[in-house]
Amino acid sequence: MKGKLFVVSGPSGVGKNTLLNTIIDRCKTVQYSVSATSRPIRPGEVDGKSYYFVSRARFEELIASDALLEYAEYVGNYYGTPLQPIREAIENGVDVVMDVEVVGALKIKKRLPDDAVLVFVTAPSFDVIRKRLIHRGDVAPGLMEERLERARWECSQAVNYDYIVVNDDITRASEELRAIMLAEKCKTMERIHLIKEELSCSTPQ
Ligand code: 5GP
C-alpha cells in the first residue's frame, strides 16, 4: 500500500502548528515533511528539523534542479517541499504530514491527485482569526491589514480542500485530523486489493 500525503494549510493564528505537533507526537509512524525555506531561522528552531534553512540563491538552485515537489513565495520568502523524501515515503507506504500554504497545497493536489489529501484548518469564525492574530503580537502594526487580507483570501480557498478541521479546542481538532487520516486509510481504493480474488465470484442463488 502506498503512503498518503496529508497536506495541512490554514491562516496564521488558527493554531495549526500546535495541531501538527499533537498529531506527530501521537502518530509515531507518520513522517513530518521538513520544508526548505529562505526565511531566517527563528529562536527555538532547529535547522533540518523545523526547516532546512537555505539562502535565496540555494533555493533557486533547488527550483532549477527540480528538487522540489512544489514551492511558493510567502511574505517575501521562499518555502518548498523536497521531492525525494516524499517519493520514498509514498513508495514505502509511509504516511506524511505536511505544513504547506494554500498555493503550494493546490500544486501538490494537481501533481499527485491520488496521493494527496488536503486539510484546511480554520477557527470557528473569521473574527476569531482576527482576534488571535492581533493578540499574538508578532505582526508589525503596519502589516496587520495585509496579514488579515491574506488570511481572508486563504479562507476563501478552503472550498478546494478535501476536509476542513475547526480548531476551537485542540483536543477536538486533533481528533478530527486523526479521524480524517484513519478514514482515508480505510477507503475502498486503499483496501480492495485485500479481497481481489473474491471480486470475480458470481452472485449466490
Ligand atoms: P512560517 O514562516 O510561519 O514557518 O510559515 C509561513 C507559511 O509557510 C505557513 O503558512 C506554512 O504553511 C508555509 N509553508 C511551510 N512549509 C512550506 C512548504 O514547503 N511549501 C509551501 N508552499 N508553504 C510552506
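**Exercise 1. A surface patch**

Which residues form a nonpolar patch on the surface, and about how much accessible area do they have together?

*Solution.* The structure is a predicted model, and the patch in it is formed by Leu 194, Ile 195 and Leu 199, which together have about 320 Å² of accessible area. To place one of these residues, note that Leu 199 lies in the segment after α8, the helix of residues 188-191. The relative accessible area of Leu 199 is 55%, and because exposed means over 50%, Leu 199 counts as exposed.

**Exercise 2. The protein as a whole**

Describe the secondary structure, extent, burial and charge of the protein.

*Solution.* Begin with the elements: the protein has eight helices and nine strands, and its C-alpha trace spans about 75 × 40 × 30 Å along the principal axes. Next, consider burial and surface: of the 205 residues, 41% are buried, while the protein exposes about 11,600 Å², of which carbon and sulfur atoms supply 54%. Then turn to the contacts: among those between residues at least 6 apart in sequence, 66% join residues at least 24 apart. Finally, the mean positions of the 28 positive and 30 negative charges are 1 Å apart.

**Exercise 3. Positive phi outside glycine**

Locate Asp 66 and Val 75, each of which has a positive phi without being a glycine, and state how accessible each residue is.

*Solution.* Asp 66 has a phi of about 60° and lies in the loop between α2 (56-64) and β5 (68-74); with a relative accessible area of 58%, Asp 66 is exposed. For Val 75, phi is near 40°, and the residue lies in the loop between β5 and β6 (77-82). The relative accessibility of Val 75 is 39%, so this residue counts as partly exposed.

**Exercise 4. Salt bridges between distant parts of the chain**

How many salt bridges does the structure hold, and which parts of the chain are tied together by the pair Lys 2 and Asp 115?

*Solution.* The structure holds 16 salt bridges. In one of them Lys 2 pairs with Asp 115, with the closest N and O atoms 3.0 Å apart. Lys 2 lies in the segment before β1 (5-9) and Asp 115 in the loop between α4 (102-111) and β8 (116-122), so the bridge ties together parts that are 113 residues apart in sequence. The partners can then be compared by accessibility: Lys 2 is partly exposed at 41%, whereas Asp 115 is buried at 10%.

**Exercise 5. Two further pairs**

Are Asp 95 and Lys 185 buried or exposed, and where do Lys 109 and Asp 162 lie?

*Solution.* Asp 95 forms a salt bridge with Lys 185, in which the closest N and O atoms are 3.0 Å apart. This pair links distant parts of the chain, since Asp 95 is in the loop between α3 (83-91) and β7 (96-99) and Lys 185 in helix α7 (residues 170-185), 90 residues apart. Asp 95 counts as buried at 14% relative accessibility, and Lys 185 counts as buried at 14%.

The side chains of Lys 109 and Asp 162 meet in a salt bridge with an N to O distance of 3.1 Å. Lys 109 lies in helix α4 and Asp 162 in the loop between α6 (144-156) and β9 (163-166), 53 residues apart. Lys 109 is partly exposed, with a relative accessible area of 23%, and Asp 162 is partly exposed, with 38%. In addition, Glu 101, Arg 150 and Glu 154 are joined into one network by salt bridges that share partners.

Note on methods: Residues are numbered from 1 along each chain as its sequence is written. This is a predicted model: local features need pLDDT of at least 70, side-chain atom pairs count only at pLDDT 80 or more; totals for chains, interfaces and linings use all residues. Side-chain values use heavy atoms; hydrogens and water are left out. Patches are made of residues with over 30% relative accessible area and no salt bridge: like charges are joined within 9 Å, nonpolar side chains (Val, Leu, Ile, Met, Phe, Trp, Tyr) within 5 Å. Accessible areas come from the Shrake-Rupley method with a 1.4 Å probe; for residues, only the protein chains shown count as cover. A salt bridge is a side-chain nitrogen of Lys or Arg within 4 Å of a carboxyl oxygen of Asp or Glu. Helices (H or I, at least four residues) and strands (E, at least two) are DSSP runs, numbered from the N terminus. Buried means under 20% relative accessible area, exposed over 50%, partly exposed in between (1.4 Å probe, protein chains only). Contact means heavy atoms within 4.5 Å. Lys and Arg count as positive and Asp and Glu as negative; His and the chain ends are not counted. The place of a charge is taken as NZ of Lys, CZ of Arg, CG of Asp or CD of Glu.
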